[in-house]
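Trainee: Got a minute to go through this one with me? I'd like to start with the strands and then ask about the cysteines.

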Amino acid sequence: MALYAVGDLQGCFAPLSRLLDMVAFNPSKDHLYLVGDVVARGPDSLACLEFLYHHRDAITITLGNHDLHLLACTTLNRSPSPKDKLQAVFDSPKLPQYLDLLRAQPIAVHLPNYNSFISHAGIHPTWSIQDALKYAHFVEQCYRGKDANEYYLNMYAKHPVGELSMLSKHARFTAIVNTFTRMRYLSTQGELDLLNKGGTNDCPTLVPWFDCKRFKKSKTSFIFGHWAALKGVTNMKNMIALDTGCVWGGPMSMLNIATNEQYLSK
Ligand SMILES: [Mn+2]
(Lines give C-alpha, C1' and ligand atoms only; values in the text may rest on other atoms or scores of the structure.)
Protein backbone atom coordinates (compact mmCIF):
# COMPACT_ATOMS: atom_id res chain seq x y z
CA MET A 1 0.00 0.00 0.00
CA ALA A 2 1.34 3.41 -0.94
CA LEU A 3 0.03 6.91 -0.22
CA TYR A 4 0.46 9.59 -2.83
CA ALA A 5 -0.36 13.28 -2.94
CA VAL A 6 -0.82 15.14 -6.20
CA GLY A 7 -0.87 18.88 -6.93
CA ASP A 8 -3.69 20.94 -8.42
CA LEU A 9 -5.35 19.11 -11.33
CA GLN A 10 -7.39 22.12 -12.49
CA GLY A 11 -9.02 20.00 -15.13
CA CYS A 12 -5.78 18.48 -16.47
CA PHE A 13 -6.55 14.79 -16.71
CA ALA A 14 -3.84 13.46 -19.08
CA PRO A 15 -0.88 14.46 -16.82
CA LEU A 16 -2.61 12.86 -13.81
CA SER A 17 -3.09 9.70 -15.77
CA ARG A 18 0.61 9.65 -16.76
CA LEU A 19 1.70 10.15 -13.13
CA LEU A 20 -0.51 7.30 -11.95
CA ASP A 21 0.97 5.05 -14.65
CA MET A 22 4.47 6.10 -13.60
CA VAL A 23 3.93 4.77 -10.07
CA ALA A 24 1.65 1.89 -11.16
CA PHE A 25 -1.10 3.30 -8.91
CA ASN A 26 -3.36 0.49 -7.75
CA PRO A 27 -6.73 1.84 -6.49
CA SER A 28 -7.48 -1.41 -4.69
CA LYS A 29 -4.36 -0.99 -2.49
CA ASP A 30 -3.04 2.57 -2.78
CA HIS A 31 -4.56 5.91 -1.76
CA LEU A 32 -4.34 9.20 -3.61
CA TYR A 33 -4.65 12.56 -1.83
CA LEU A 34 -5.48 15.49 -4.09
CA VAL A 35 -4.45 18.83 -2.63
CA GLY A 36 -7.51 20.52 -4.13
CA ASP A 37 -8.54 22.56 -7.16
CA VAL A 38 -9.35 19.39 -9.06
CA VAL A 39 -11.50 21.44 -11.47
CA ALA A 40 -11.51 24.75 -13.39
CA ARG A 41 -9.47 26.55 -16.05
CA GLY A 42 -7.99 23.36 -17.62
CA PRO A 43 -9.33 21.40 -20.59
CA ASP A 44 -10.98 18.41 -18.93
CA SER A 45 -12.57 19.02 -15.53
CA LEU A 46 -15.29 16.51 -16.38
CA ALA A 47 -12.77 13.69 -16.98
CA CYS A 48 -11.09 14.54 -13.66
CA LEU A 49 -14.41 14.33 -11.79
CA GLU A 50 -15.36 11.11 -13.59
CA PHE A 51 -12.05 9.52 -12.60
CA LEU A 52 -12.27 10.72 -8.98
CA TYR A 53 -15.87 9.56 -8.66
CA HIS A 54 -15.06 6.16 -10.14
CA HIS A 55 -12.14 5.71 -7.69
CA ARG A 56 -13.83 7.47 -4.78
CA ASP A 57 -12.84 4.77 -2.29
CA ALA A 58 -9.16 5.28 -3.14
CA ILE A 59 -9.05 9.10 -3.13
CA THR A 60 -9.34 12.02 -0.72
CA ILE A 61 -9.50 15.64 -1.86
CA THR A 62 -8.65 18.51 0.48
CA LEU A 63 -10.95 21.03 -1.18
CA GLY A 64 -9.49 24.07 -2.93
CA ASN A 65 -10.97 27.46 -3.79
CA HIS A 66 -12.10 26.27 -7.24
CA ASP A 67 -13.78 23.15 -5.81
CA LEU A 68 -15.68 25.26 -3.27
CA HIS A 69 -16.53 27.75 -6.00
CA LEU A 70 -18.14 24.96 -8.03
CA LEU A 71 -20.15 23.89 -4.97
CA ALA A 72 -21.12 27.51 -4.30
CA CYS A 73 -22.22 28.20 -7.92
CA THR A 74 -24.34 25.06 -8.14
CA THR A 75 -25.88 25.60 -4.70
CA LEU A 76 -26.67 29.26 -5.45
CA ASN A 77 -27.82 28.51 -9.03
CA ARG A 78 -25.13 30.66 -10.60
CA SER A 79 -23.58 29.97 -13.99
CA PRO A 80 -19.91 29.15 -14.23
CA SER A 81 -17.58 31.78 -15.64
CA PRO A 82 -16.56 30.82 -19.23
CA LYS A 83 -12.88 31.13 -18.25
CA ASP A 84 -13.35 28.22 -15.81
CA LYS A 85 -14.30 25.89 -18.71
CA LEU A 86 -16.86 24.10 -16.55
CA GLN A 87 -19.82 24.01 -18.94
CA ALA A 88 -19.43 20.26 -19.62
CA VAL A 89 -19.48 19.64 -15.85
CA PHE A 90 -22.65 21.71 -15.45
CA ASP A 91 -24.26 19.86 -18.39
CA SER A 92 -23.32 16.38 -17.12
CA PRO A 93 -26.22 14.18 -15.96
CA LYS A 94 -23.85 12.95 -13.24
CA LEU A 95 -23.30 16.46 -11.80
CA PRO A 96 -25.30 15.65 -8.60
CA GLN A 97 -23.02 12.68 -7.86
CA TYR A 98 -19.89 14.76 -8.45
CA LEU A 99 -21.19 17.48 -6.12
CA ASP A 100 -21.99 14.87 -3.45
CA LEU A 101 -18.46 13.55 -3.83
CA LEU A 102 -16.93 17.03 -3.40
CA ARG A 103 -19.17 17.90 -0.45
CA ALA A 104 -18.12 14.73 1.33
CA GLN A 105 -14.44 15.71 1.11
CA PRO A 106 -12.51 17.37 3.94
CA ILE A 107 -10.78 20.74 3.82
CA ALA A 108 -7.73 19.49 5.72
CA VAL A 109 -6.25 16.09 6.57
CA HIS A 110 -3.75 15.08 9.24
CA LEU A 111 -1.85 11.82 8.81
CA PRO A 112 -0.16 11.41 12.22
CA ASN A 113 1.50 8.13 11.22
CA TYR A 114 3.24 9.97 8.41
CA ASN A 115 3.78 13.29 10.27
CA SER A 116 1.93 14.99 7.44
CA PHE A 117 -0.75 17.65 7.19
CA ILE A 118 -2.49 18.29 3.88
CA SER A 119 -4.61 21.26 2.82
CA HIS A 120 -5.01 23.26 -0.37
CA ALA A 121 -3.19 26.49 0.55
CA GLY A 122 -1.53 25.63 3.88
CA ILE A 123 -2.11 26.30 7.58
CA HIS A 124 -2.05 29.63 9.39
CA PRO A 125 1.24 29.92 11.30
CA THR A 126 -0.61 30.65 14.55
CA TRP A 127 -2.82 27.54 14.31
CA SER A 128 -1.73 24.31 15.97
CA ILE A 129 -2.64 21.14 14.09
CA GLN A 130 -5.33 20.50 16.70
CA ASP A 131 -6.78 24.01 16.13
CA ALA A 132 -6.64 23.51 12.37
CA LEU A 133 -8.52 20.22 12.58
CA LYS A 134 -11.16 21.81 14.80
CA TYR A 135 -11.58 24.71 12.33
CA ALA A 136 -11.66 22.25 9.42
CA HIS A 137 -14.39 20.27 11.15
CA PHE A 138 -16.44 23.45 11.62
CA VAL A 139 -16.31 24.46 7.94
CA GLU A 140 -16.94 20.89 6.75
CA GLN A 141 -20.15 20.85 8.83
CA CYS A 142 -21.10 24.20 7.22
CA TYR A 143 -20.67 23.17 3.58
CA ARG A 144 -22.33 19.81 4.19
CA GLY A 145 -25.24 21.25 6.14
CA LYS A 146 -28.68 22.33 5.02
CA ASP A 147 -27.73 26.01 5.45
CA ALA A 148 -24.71 25.72 3.14
CA ASN A 149 -26.12 28.42 0.82
CA GLU A 150 -25.89 31.01 3.64
CA TYR A 151 -22.20 30.25 4.06
CA TYR A 152 -21.54 30.32 0.30
CA LEU A 153 -23.29 33.69 0.00
CA ASN A 154 -20.77 35.08 2.46
CA MET A 155 -17.73 33.29 1.03
CA TYR A 156 -16.48 36.22 -1.09
CA ALA A 157 -17.08 38.91 1.48
CA LYS A 158 -14.10 41.01 2.56
CA HIS A 159 -11.69 38.83 4.52
CA PRO A 160 -12.78 39.03 8.17
CA VAL A 161 -10.07 40.16 10.55
CA GLY A 162 -9.75 39.47 14.25
CA GLU A 163 -9.99 36.49 16.56
CA LEU A 164 -11.97 33.60 15.04
CA SER A 165 -13.86 33.11 18.29
CA MET A 166 -15.13 36.71 18.14
CA LEU A 167 -16.55 36.40 14.60
CA SER A 168 -20.07 35.45 13.58
CA LYS A 169 -20.34 31.86 12.29
CA HIS A 170 -20.57 33.09 8.69
CA ALA A 171 -17.50 35.31 9.02
CA ARG A 172 -15.65 32.51 10.81
CA PHE A 173 -16.47 30.18 7.91
CA THR A 174 -15.07 32.73 5.43
CA ALA A 175 -11.92 33.39 7.48
CA ILE A 176 -11.14 29.68 7.84
CA VAL A 177 -11.95 28.86 4.21
CA ASN A 178 -9.75 31.74 3.01
CA THR A 179 -6.86 30.46 5.12
CA PHE A 180 -7.12 26.85 4.01
CA THR A 181 -7.82 27.57 0.34
CA ARG A 182 -6.59 31.03 -0.71
CA MET A 183 -3.66 31.99 1.54
CA ARG A 184 -0.23 32.77 0.09
CA TYR A 185 1.18 35.79 1.88
CA LEU A 186 0.62 37.28 5.30
CA SER A 187 1.23 40.87 6.32
CA THR A 188 3.83 41.45 9.01
CA GLN A 189 0.82 41.67 11.39
CA GLY A 190 -0.18 38.13 10.42
CA GLU A 191 -3.25 39.10 8.33
CA LEU A 192 -3.92 37.27 5.05
CA ASP A 193 -3.11 39.10 1.84
CA LEU A 194 -5.41 37.71 -0.82
CA LEU A 195 -4.22 39.85 -3.72
CA ASN A 196 -0.64 38.90 -4.48
CA LYS A 197 0.03 35.72 -6.41
CA GLY A 198 3.69 36.26 -7.28
CA GLY A 199 6.74 34.28 -6.20
CA THR A 200 8.37 34.67 -2.79
CA ASN A 201 10.73 37.42 -3.95
CA ASP A 202 8.02 39.52 -5.58
CA CYS A 203 6.47 41.04 -2.44
CA PRO A 204 9.13 42.39 -0.09
CA THR A 205 6.58 43.79 2.38
CA LEU A 206 4.73 40.49 2.78
CA VAL A 207 5.78 37.15 4.25
CA PRO A 208 4.97 33.73 2.72
CA TRP A 209 2.76 31.90 5.23
CA PHE A 210 5.29 29.08 5.67
CA ASP A 211 8.24 31.40 6.35
CA CYS A 212 7.95 31.14 10.11
CA LYS A 213 10.18 29.89 12.92
CA ARG A 214 7.58 27.43 14.12
CA PHE A 215 7.63 25.52 10.83
CA LYS A 216 11.41 25.46 10.65
CA LYS A 217 11.41 23.45 13.91
CA SER A 218 8.40 21.32 13.01
CA LYS A 219 8.67 17.59 12.45
CA THR A 220 5.41 17.69 10.49
CA SER A 221 5.44 17.97 6.72
CA PHE A 222 2.90 20.38 5.27
CA ILE A 223 1.71 19.32 1.84
CA PHE A 224 -0.13 21.97 -0.16
CA GLY A 225 -0.91 23.29 -3.63
CA HIS A 226 -2.53 26.54 -4.79
CA TRP A 227 0.64 28.63 -5.23
CA ALA A 228 1.84 27.92 -8.75
CA ALA A 229 4.34 30.80 -8.76
CA LEU A 230 6.47 28.89 -6.22
CA LYS A 231 7.13 26.29 -8.93
CA GLY A 232 7.42 23.74 -6.13
CA VAL A 233 10.25 25.60 -4.36
CA THR A 234 9.95 26.56 -0.67
CA ASN A 235 13.58 25.95 0.40
CA MET A 236 12.18 24.06 3.41
CA LYS A 237 12.27 20.27 3.46
CA ASN A 238 8.99 19.92 5.36
CA MET A 239 7.05 22.43 3.20
CA ILE A 240 6.00 20.53 0.13
CA ALA A 241 4.48 22.72 -2.57
CA LEU A 242 2.84 20.49 -5.17
CA ASP A 243 1.20 23.05 -7.48
CA THR A 244 3.78 23.30 -10.23
CA GLY A 245 1.39 25.12 -12.58
CA CYS A 246 0.26 22.24 -14.74
CA VAL A 247 -2.70 24.24 -16.07
CA TRP A 248 -0.29 27.05 -17.05
CA GLY A 249 2.01 24.76 -19.06
CA GLY A 250 4.16 23.39 -16.20
CA PRO A 251 4.37 19.77 -15.06
CA MET A 252 2.04 18.15 -12.52
CA SER A 253 3.74 17.07 -9.27
CA MET A 254 3.17 13.94 -7.24
CA LEU A 255 4.65 12.89 -3.89
CA ASN A 256 5.02 9.48 -2.29
CA ILE A 257 4.04 10.49 1.26
CA ALA A 258 5.99 7.71 3.01
CA THR A 259 9.25 7.97 1.05
CA ASN A 260 9.16 11.68 0.06
CA GLU A 261 9.97 10.68 -3.50
CA GLN A 262 8.58 13.20 -5.99
CA TYR A 263 7.45 12.67 -9.56
CA LEU A 264 6.82 15.20 -12.31
CA SER A 265 4.49 14.48 -15.22
CA LYS A 266 6.21 14.63 -18.58
MN1 LIG B 1 -6.21 27.34 -5.54
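**Strands and cysteines**

Mentor: Happy to. Strand E1 (residues 3-6) and E2 run parallel, joined by 4 bridges. Keep in mind that this is a predicted model.

Trainee: Which residue in E2 is the bridge partner of Tyr4?

Mentor: That's Leu32. Between the two strands, the chain passes from E1 through helix H1 (residues 13-22) to E2, in a right-handed β-α-β crossover.

Trainee: And what about strand E3, how many bridges join E2 to it?

Mentor: There are 3 bridges between E2 and E3 (residues 59-61), and these strands run parallel. Leu32 stands opposite Ile59 in E3. To get there from E2, the chain goes through helix H2 (residues 45-54), and this β-α-β crossover is right-handed.

Trainee: Which residues sit on each side of E2?

Mentor: His31 and Tyr33 are on one side, Leu32 and Leu34 on the other, and all of them are buried, so both faces of the strand are covered. In a regular strand, side chains alternate between the two faces of the sheet.

Trainee: Switching topic: how many disulfides does the count come to?

Mentor: The count is 0. For Cys73, the nearest cysteine sulfur belongs to Cys48 and is 18 Å away.

Trainee: Why is there no bond for Cys142?

Mentor: Because the closest cysteine sulfur, in Cys73, is 19 Å from that of Cys142, which is too far. The cut-off for a disulfide is 2.5 Å.

Trainee: Are those two buried or exposed?

Mentor: Cys73 is buried, with a relative accessible area of 7%. Cys142 is buried as well, at 5% relative accessibility.

Note on methods
Residues numbered from 1 in each chain as written. Predicted model: local features only at pLDDT ≥ 70, side-chain atom pairs only at ≥ 80, totals over all residues. Heavy atoms only, no water. Buried < 20%, exposed > 50% of the residue type's maximum accessible area, 1.4 Å probe, protein only. Pairing = 2+ DSSP bridges. Right-handed = clockwise from strand over helix to strand, strands pointing away.
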